[in-house]
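Hello,

Here is the structure I promised to pass on to you. Have a look at it first, and then read on for what I found in it.

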Amino acid sequence: MRSASVSRRTAETDIVLSIALDGTGKAEISTGVGFLDHMLELFARHGLFDLTVTVKGDLHVDQHHTTEDTGIALGQALLQALGDKKGITRYADIHLPMDETLTRIAVDISGRPFLVFRTAFPTEKIGAFDTELVREFFQAFAVNAGLTLHVETLYGANSHHIAESCFKGLARALRQAVAVDLREEGRVPSTKGTL
């Protein structure tokens with residue numbers, strides 16, 4: 001089973017995270033940020049990743065460090081779990097509807113981190129959660145996982161639905177991109193021979 005665990009401790013956060021790529025969507029999430037917990041549970045379920053996340057962060061300051069550092073740790077764990085990337089599908093894209101919202105996600109497990117994030121939120125907060133932190137999470141995740149990641153919400157009116165479509169879309173696209181393609185026969189999916 002392709003899996004990895006990451007422990008990351010700074011003056012702002014203490015994170016223990018593990019992921020299994022070939023799981024069933026089981027999630028045990030405790031970040032101290034309710035909305036982030038919800039998004040990570042969706043990510044695990046729709047990606048069919050088994051995910052365990054425990055975070056103790058400086059929530060007396062705000063939710064920024066907890067959210068960003070969780071993205072960093074998840075990206076590092078995904079990168080480790082992929083190993084040499086032999087046999088993976090590599091590319092995937094999806095249009096993810098969430099009621100009135102439609103978000104397009106495209107991912108390349110390229111080893112060249114880059115994020116294009118074209119998503120706007122009509123409100124500054126979803127409950128107590130700052131909507132600008134969605135982009136911070138995706139940026140931290142893409143850079144640390146070595147992904148080329150494009151996120152674009154084509155339309156939407158509800159901030160919760162927009163965020164949810166981004167996380168579910170990421171999960172569904174990654175589920176396809178990390179899948180093993182039997183026709184690759186253990187080769188790295190690149191003419192360079194490495195990703």
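**Helix 2 and the sheet beside it**

Let's begin with helix 2, which lies across strand 1, strand 2 and strand 4 and runs at about 35° to strand 2. Please keep in mind that this is a predicted model.

Those strands belong to an open sheet of four strands, in the order 1-2-4-3 and with mixed pairing. At its edges stand strand 1 and strand 3 (27–30); each has a single partner strand, so one side of each is left without a neighbour in the sheet. From one strand to the next, the twist averages 5°.

To see what "mixed" looks like, follow two of the pairs. Strand 1 (residues 3–9) and strand 2 (residues 13–20) pair in the antiparallel sense, over seven bridges. A hairpin of three residues joins strand 1 to strand 2, and Val6 stands opposite Leu17 in strand 2. Strand 3 and strand 4 (residues 50–57), on the other hand, pair in the parallel sense over four bridges. Here you can find Ala27 opposite Leu51 in strand 4.

When you look at any of these strands, one general point helps: in a regular strand the side chains alternate between the two faces of the sheet.

Helix 1 (residues 34–47) lies across this sheet too: it is in contact with strand 2, strand 3 and strand 4, and runs at about 160° to strand 3. How do helix 1 and helix 2 pack, and at what angle? The angle is about 20°, and their axes are 11 Å apart. Angles under 35 degrees count as roughly parallel, and that makes helix 1 roughly parallel to helix 2. The crossing of helix 1 past helix 2 is right-handed. In this contact, Leu36, Leu40 and Phe43 of helix 1 meet Thr66, Thr67, Thr70 and Leu74 of helix 2. Sorted by class, that gives four nonpolar, three polar and no charged residues.

**The other sheet**

Now move further along the chain. Another open sheet of four strands has the order 5-6-10-7, also with mixed pairing. Which strands are at its edges? They are strand 5 (91–98) and strand 7 (114–118), and each of them pairs on one side only. The twist in this sheet averages 10° from one strand to the next.

Strand 6 (residues 101–108) and strand 10 (residues 148–155) run antiparallel and are joined by seven bridges. If you would like a pair to find on screen, try Val107, whose bridge partner in strand 10 is Leu149.

Two helices lie across these strands. Helix 3 (residues 132–145) covers strand 7 and strand 10, at about 160° to strand 7. Helix 4 (residues 159–177) lies across strand 5, strand 6 and strand 10, at about 150° to strand 5.

Helix 3 and helix 4 also pack on each other, at about 20° and with their axes 11 Å apart; the two are therefore roughly parallel. Helix 3 passes helix 4 in a left-handed crossing. From helix 3, Val134, Phe137, Phe138 and Phe141 meet Ala163, Cys166, Phe167, Leu170 and Leu174 of helix 4. By class, this contact has nine nonpolar residues, with no polar and no charged ones.

**Where helix 2 meets helix 3**

What joins the two descriptions above is a contact between helix 2 (residues 64–82) and helix 3: their axes come within 7 Å and cross at roughly 25°. These helices are therefore roughly parallel to each other as well, and their crossing is right-handed. Among the residues that meet here are Thr67, Gly71, Leu74 and Leu78 in helix 2, and Leu133, Phe137 and Phe141 in helix 3. By class, the contact has nine nonpolar, seven polar and two charged residues.

**The chain as a whole**

Stepping back, the secondary structure comes to four helices and 10 strands. From the N terminus on, the elements run β-β-β-α-β-α-β-β-β-β-β-α-β-α. The C-alpha trace spans about 50 × 40 × 30 Å along its principal axes. With 195 residues, a compact globule would have a radius of gyration near 16 Å, and the chain agrees with this at 16 Å.

Enjoy exploring it, and write back with any questions!

Best wishes

Conventions: Residues numbered from 1 in each chain as written. Predicted model: local features only at pLDDT ≥ 70, side-chain atom pairs only at ≥ 80, totals over all residues. Heavy atoms only, no water. Pairing = 2+ DSSP bridges. Axes fitted to C-alpha atoms, helices over the stretch in contact; angles between N-to-C directions. Contact = heavy atoms within 4.5 Å. Parallel < 35°, antiparallel > 145°, perpendicular 65-115°, else oblique. Left-handed = near helix turned anticlockwise from the far one by under 90°. Nonpolar A, V, L, I, M, F, W, Y, C, P; charged D, E, K, R; others polar. Rg over C-alpha atoms; globule rule 2.2 N^0.38 Å.
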